[in-house]
Structure formats: C-alpha cells, structure tokens
Amino acid sequence: MTWRGETTIKDRLFACLPYALPLVSVIPFGGFLLRQFPPLNFLFLPLTPVMFIYRQIPFAGIVVFFLLFLLVVRNEKIIHFIRFNAMQAILLDIALSLCSLLLGVLMPALGQNLITETVLNIIFLSTLAACGYSIVQSLSGRYAEIPTISEAVYTQVR
C-alpha cells in the first residue's frame, strides 16, 4: 500500500536502514541455527560495522533506539514512509528485548534442551522473516503490513 505521496529511491533505501536494529538484536537468538548452518552467517555480513559499534559502545542499542524514535519517528518533516518503517523496526526490537528478558528468567529453570532451542530458533527465524519482508516491501515502495505490529505503528505515526 502506497499512500501519502510517492517514494523516491533514496526514501526507500532510508526506510530499510532501521531494520538493522532488530537484525543485530536477533543474532544471539540464532546461535544454535547459525552453528548448524554456517552459510547462514553470510546474511549478517552487511551488518558487521553495526555489530562492531554495538559491541564497542556501552548502551549503543538504547541510544540508537532513542535517536530513531526522537529524531525520525517524531519528526514530521521526514516523510511518513520512513517514519513508519523506523517505528516498525523499533517495535520489532522492543519485542525482541521482551523475549530476551523473558528467556533470561526462564532459561536457567528450563535448561538447554530441545524446547528452548526450538523457541530460540522460532524467534530468530520469525524476526528474519519479518525484517526480510519489510525490507523487500520498503525497497519496492510499499508499506510492510505485519499484522499486530503495523497496527501499533499506525497509531504512533500520524
């Protein structure tokens, strides 16, 4: 769905950039899968500079989160398409943070078994699918409609 004006190629590329935030955050969930299928690591090669920054600067994730939210999502001078995608990437990252907190509490009790490995793989693959879908839709100039998340984004981005 394209509305609120047409998007240029530059706008489409800028709309894809915020999805680096959830993609970097999901890597720890994919440890089992990335070890079993090493070629899958090539998907994350373009994110190497971002991962380096995240590891070098303490609290880089929260700083990027607030910068995106305050300087992009709340800035009405930036077109709606970019603000929508930035907010959607932020919400995906928040969902990952909540999963991380929940699993941090439950993992010591459950231990490392088939169930926890399956849950981690599901979180990893679903985030990859959501980000991949959103990036492809953004590059084609369409809004990525992820059922619950996009509805929340529309309420935040006017």
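These are legends for a few views of a predicted model.

**View 1. The whole chain is built from helices, with 8 of them and 0 strands.** Walk along from the N terminus and the elements read α-α-α-α-α-α-α-α. Drawn along the principal axes, a box of roughly 50 × 35 × 30 Å holds the C-alpha atoms of the chain. As for overall packing, a compact globule of 158 residues would have a radius of gyration near 15 Å, and the 16 Å of this chain agrees with that.

**View 2. Inside and outside: 41% of the 158 residues count as buried.** Take the contacts between residues at least 6 apart in sequence, and 75% of them turn out to join residues at least 24 apart. On the outside, the chain exposes about 9,200 Å², with carbon and sulfur atoms supplying 73% of that area. The chain carries 10 positive and 7 negative charges, and the mean positions of the two sets sit 6 Å apart.

**View 3. A close-up of Asn-85, a residue of helix 6.** Helix 6 spans residues 80-110. Asn-85 has a relative accessible area of 0%, so it counts as buried, the cut-off being under 20%. Its side chain has a polar atom 2.8 Å from the backbone oxygen of Phe-81.

**View 4. The neighbours of Asn-85 include Tyr-19 and Ser-138.** Leaving aside residues up to four places away in sequence, Asn-85 touches Ala-15, Pro-18, Tyr-19 and Ser-138. Keep Phe-81 in the frame too, as its backbone oxygen is the partner at 2.8 Å from the Asn-85 side chain.

Technical notes: Residues are numbered from 1 along each chain as its sequence is written. This is a predicted model: local features need pLDDT of at least 70, side-chain atom pairs count only at pLDDT 80 or more; totals for chains, interfaces and linings use all residues. Side-chain values use heavy atoms; hydrogens and water are left out. Helices (H or I, at least four residues) and strands (E, at least two) are DSSP runs, numbered from the N terminus. The radius of gyration is taken over C-alpha atoms; the globule rule is 2.2 Å times the number of residues to the power 0.38. Buried means under 20% relative accessible area, exposed over 50%, partly exposed in between (1.4 Å probe, protein chains only). Contact means heavy atoms within 4.5 Å. Accessible areas come from the Shrake-Rupley method with a 1.4 Å probe; for residues, only the protein chains shown count as cover. Lys and Arg count as positive and Asp and Glu as negative; His and the chain ends are not counted. The place of a charge is taken as NZ of Lys, CZ of Arg, CG of Asp or CD of Glu. A polar contact is a pair of N or O atoms within 3.5 Å; within protein, one must be able to donate a hydrogen and the other to accept it, and residues adjacent in sequence count only if both atoms are side-chain atoms.
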